[in-house]
Amino acid sequence: MTFNESISCPSCGAAMSETTAHVRSLACPHCSNWIYLGSNGWESAGLFEHAIDAPSMLRLGKRGELEGRLFHVAGRVRMSYNEGFWDEWWLEFDDGFHQWLEEDDGVYRLHSHMDHSIAPGQFDDATVGGKVTLDAADWFVTERIDARVAGVEGSLPVAIVPGESVVCIDAINNGIKASFESAARDVQMYRGRVVRGQQFEWE
């Protein structure tokens, strides 16, 4: 595991030498301010309420095993929209291959990152039934949700802050289904698959 030795909290100045190199936002363990990697380096979003707890088998710091791979729960994002909310848990696996686990009304979907360079705002005007173009390929939009970051905790691989808007899109191209999440500083592309709660083994 590679550690980033250069992060200091912009709020309290404390060094965070135990932060992994992929982290782009996190709660300072010393002053509890949420910090994120912005265009001018590490910035503070201030103090805030953590993601609201709801019944779940997951929690920050919990260790387990999934499909023969050991992991720990490193972070969480609570996303809210007009019809409710869902949680996205950041799992750091011991083999170095980390993934998001989406939890929505008892359904779990494990997401694998698809490596594409996408400009922030590129999908903001996407509509269901329309298309978005990525690397000269047309992706047809099957679902769009305009969500808000209702809470964050732990450490995350994306620069995100509470309260900001996120456009969530499901799309398909040549039988391949993908999900896109577009926020102010990051756009991520994923392929997901359903996993059952019974597949998790907990320490």
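**Entry 1: Met-79 and who it touches**

I started with Met-79 in this predicted model. I skipped its neighbours within four places in sequence and listed the rest of its contacts. On the list are Gly-84, Phe-85, Trp-86 and Glu-88. Further along the chain numbering I also found Ala-147, Arg-148 and Val-149, plus Val-166 and Cys-168.

**Entry 2: The core around it**

Next I looked up the nonpolar cores. Which residues have the most contacts inside the largest one? They turned out to be Met-79, my starting point, and Leu-156. This core has 22 residues.

I then checked which strands feed it. S4 (34-38), S7, S8, S12 (137-156) and S13 (165-173) each put in at least two residues. Which strand gives the most? That is S12, with five residues.

There is also a second core, separate from that one, with 15 residues. Among them are Met-114, Val-132, Val-141 and Ala-171.

**Entry 3: Salt bridges**

Now for the charged side chains. How many salt bridges does a search of the whole structure find? The count is ten.

I picked Asp-94 and Arg-63, whose side chains meet with N to O at 3.1 Å. Asp-94 sits in the loop between S8 (84-93) and S9 (99-104), while Arg-63 is in S6 (residues 63-66), so this pair ties together parts that are 31 residues apart in sequence. Buried or exposed? I noted Asp-94 as partly exposed, at 46% relative accessibility. Arg-63 is partly exposed too, at 29%.

Then I turned to Arg-69 and Asp-95, a salt bridge with its closest N and O atoms 3.0 Å apart. Arg-69 belongs to S7 (residues 69-81) and Asp-95 to the loop between S8 and S9, so here the tied parts are 26 residues apart in sequence. Arg-69 comes out at 18% relative accessibility, and it counts as buried because the cut-off is under 20%. Its partner Asp-95 has 48% and counts as partly exposed.

My next pair was Asp-146 and Arg-144, with N to O at 2.8 Å. Asp-146 is partly exposed at 48% relative accessibility. For Arg-144 I wrote down 25%, again partly exposed.

**Entry 4: A linked group**

Last lookup: which residues are linked in a network of salt bridges? I got Arg-76, Arg-78, Asp-87 and Glu-153.

Conventions: Residues numbered from 1 in each chain as written. Predicted model: local features only at pLDDT ≥ 70, side-chain atom pairs only at ≥ 80, totals over all residues. Heavy atoms only, no water. Salt bridge = Lys/Arg side-chain N within 4 Å of Asp/Glu carboxyl O. Helix = DSSP H or I, 4+ residues; strand = E, 2+ residues; numbered from the N terminus. Buried < 20%, exposed > 50% of the residue type's maximum accessible area, 1.4 Å probe, protein only. Core = buried A, V, L, I, M, F, W, Y, C linked by side-chain atoms within 4.5 Å. Contact = heavy atoms within 4.5 Å.
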